[in-house]
Amino acid sequence: MTAQLPARKPARPFFSSGPCAKPPGYALEKLATESLGRSHRAKIGKTRLQYCIDLMREVLGLPDTHRIGIVPGSDTGAFEMAMWTMLGARPVTTLAWESFGEGWVTDAAKQLKLDPTVLRADYGQLPDLGAIDWSNDVLFTWNGTTSGVRVPNADFIPADREGLSFADATSAVFAYDIDWSKIDVATFSWQKVLGGEGGHGVLILGPRAVERLETYTPAWPLPKVFRLVSKGKLAEGVFKGETINTPSMLAVEDAIFALEWAKGLGGLTGLQARSNANAAALNKIVEERSWLSHLCADAATRSTTSVCLSVEGADEAFIKAMAGALEKEGAAFDIAGYRDAPPGLRIWCGATVNVEDIEALGPWLDWAYATTKAA
Ligand SMILES: Cc1ncc(COP(=O)(O)O)c(C=O)c1O
């Protein structure tokens, strides 16, 4: 180990877990701007919103059984819209193994007062997925961004479930294979794997979710931005680019740029190949260093997007100093773990990150570790 500055810096030192790095080659000037300064209900606006929806469907490989729409409030808005409009019809189970899953537990228990069954696990672990009662509606986070733990696949969701499955899939879509037949509700935001902007969420509804919306009215009031049903029927316009309220067309154009980039890579498989290569390169760095380890010990449930690492002997102050030193040198931005997670590093390995930049990070981690230890 050496405290000398490494020779080569990551060219794009953007390893934040959200908002994530922009797609390689991104520049504001490259965005289409014809729809800006126009009504989003004019033909140009509606056409671009529909095009964005079509691209998402194509790149995700989303089957025709599922609707996909753009909603307010980023991933949180989309997930809470689903919770507030559909929960309460049957008992609820919420799964939590990190901060965002805990957030949905809080919503269900303290705000909606649904007295949910909660299946929990510590940071780095997954709860017992076999213990889920699927006569309940079940809420889970596909990829826990703050612990780097994900569900391995959708095999734990039975095809003949009585309840609905709700997946917060914001750090999972465009990175993993998702068996959509097992998903009744999924949500995400462009700011993650696509490297897009926050502000808008994306809501995916399977047929059983639509049935719930059309046959069940929750006991609590719904603000306008959550209303998906009109006169007992699904507001189909939301899934055709007729947004509930005014969207940011700039954010939409930004998402279109990312989706066209993704399509150019071959779509989902191209995105997955990039993310998997990044995660493998980071894993090699971890394996070569005795002082670095994965927070999630089990490779089968370890994230390949938000990879969380433990640093031997490091407390919060150590991590802060280490990440701060890397930031000061312009070698790595935003890699300190999430504020509620155990002290550690978190390095985004989604598709918008280039593998050579992950590779170049290894010597910089050595440098930052040695420098911080010596201080
Ligand atoms: C798993 C998960 N859920 C929800 C959110 C909140 O997303 P947003 O800020 O887009 O609403 C995040 C953001 O990091 C997340 O990682």
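**Exercise 1. A strand and its neighbours**

Strand β1 (residues 67-72) pairs with β9: determine the sense of the pairing and the number of bridges.

*Solution.* Strands β1 and β9 run antiparallel and are joined over six bridges. Two strands pair if DSSP finds at least two bridges between them; strands (E, at least two residues) and helices (H or I, at least four) are DSSP runs, numbered from the N terminus. The model is predicted, so local features need pLDDT of at least 70 and side-chain atom pairs count only at pLDDT 80 or more, while totals for chains, interfaces and linings use all residues. Residues are numbered from 1 along each chain as its sequence is written, and side-chain values use heavy atoms, with hydrogens and water left out.

Step 1. One contact point of this pairing is Arg67, whose bridge partner in β9 is Leu205.

Step 2. Strand β9 also pairs with β8 (residues 185-189), in the antiparallel sense and over five bridges. Here Thr187 stands opposite Leu203 of β9.

Step 3. State why β9 may be called largely enclosed. Six of the six residues of β9 (residues 200-205) are buried, so the rest of the structure largely encloses this strand. Buried means under 20% relative accessible area, exposed over 50%, and partly exposed in between (1.4 Å probe, protein chains only). Both faces are covered: His200, Val202 and Ile204 are buried on one side, and Gly201, Leu203 and Leu205 on the other.

**Exercise 2. The whole sheet**

Give the strand order of the open sheet and name its edge strands.

*Solution.* Step 1. The seven strands follow the order β1-β9-β8-β7-β4-β2-β3, and the pairing is mixed.

Step 2. The edges are β1 and β3 (117-120), each of which pairs on one side only.

Step 3. On average, neighbouring strands are turned by 20° against each other, direction ignored. For such angles, axes are lines fitted to C-alpha atoms (for helices over the stretch in contact), and angles between N-to-C directions run from 0 to 180 degrees.

Step 4. A parallel pairing is found between β4 (residues 137-141) and β7 (residues 165-168), over four bridges. In this pairing, the bridge partner of Thr141 is Asp168 in β7.

Step 5. Helix α1 (residues 43-60) packs on the sheet and touches β1, β8 and β9, its direction making about 125° with that of β1. Helix α4 (residues 207-215) also packs on the sheet, touching β1, β4, β8 and β9, and makes about 95° with the direction of β9. Contact means heavy atoms within 4.5 Å.

**Exercise 3. Cysteines**

State how many disulfides the structure holds, and describe the surroundings of Cys52 and Cys349.

*Solution.* Step 1. The structure holds zero disulfides, a disulfide being a pair of cysteine sulfur atoms within 2.5 Å.

Step 2. For Cys52, the nearest cysteine sulfur belongs to Cys20 and is 17 Å away. Cys52 has 0% relative accessibility and therefore counts as buried.

Step 3. For Cys349, the nearest cysteine sulfur is that of Cys308, at 10 Å. Cys349 is buried as well, with a relative accessible area of 0%.

**Exercise 4. Aromatic rings**

Classify the pair formed by Trp291 and Tyr369 and the pair formed by Trp364 and Trp367.

*Solution.* Step 1. The whole structure contains 12 aromatic pairs. Rings of Phe, Tyr and Trp (its six-membered ring) pair if their centres lie within 6.5 Å; planes under 30 degrees apart count as stacked, over 60 as edge-to-face and the rest as tilted.

Step 2. The ring centres of Trp291 and Tyr369 are 4.0 Å apart and the planes are at 5°, so this pair is stacked. Trp291 lies in the loop between α6 (268-287) and β12 (292-294), whereas Tyr369 lies in helix α8 (residues 355-374), so that the pair links parts of the chain 78 residues apart. Trp291 and Tyr369 are buried.

Step 3. Trp364 and Trp367 are 5.6 Å apart centre to centre, with 75° between the planes: an edge-to-face pair. Both belong to helix α8, three residues apart, about one turn of the helix. Trp364 and Trp367 are buried.

Step 4. Trp134, Phe140, Trp142 and Phe156 form one aromatic cluster.

**Exercise 5. Charges over rings**

Identify the ring over which the charged end of Lys22 sits, and the ring faced by Arg150.

*Solution.* Step 1. The criterion requires NZ of Lys or CZ of Arg within 6 Å of the ring centre and within 35 degrees of the ring normal.

Step 2. Lys22 has its charged end over the ring of Tyr26, 4.8 Å from the centre. Arg150 lies over the face of Tyr176, at 4.5 Å from the ring centre.
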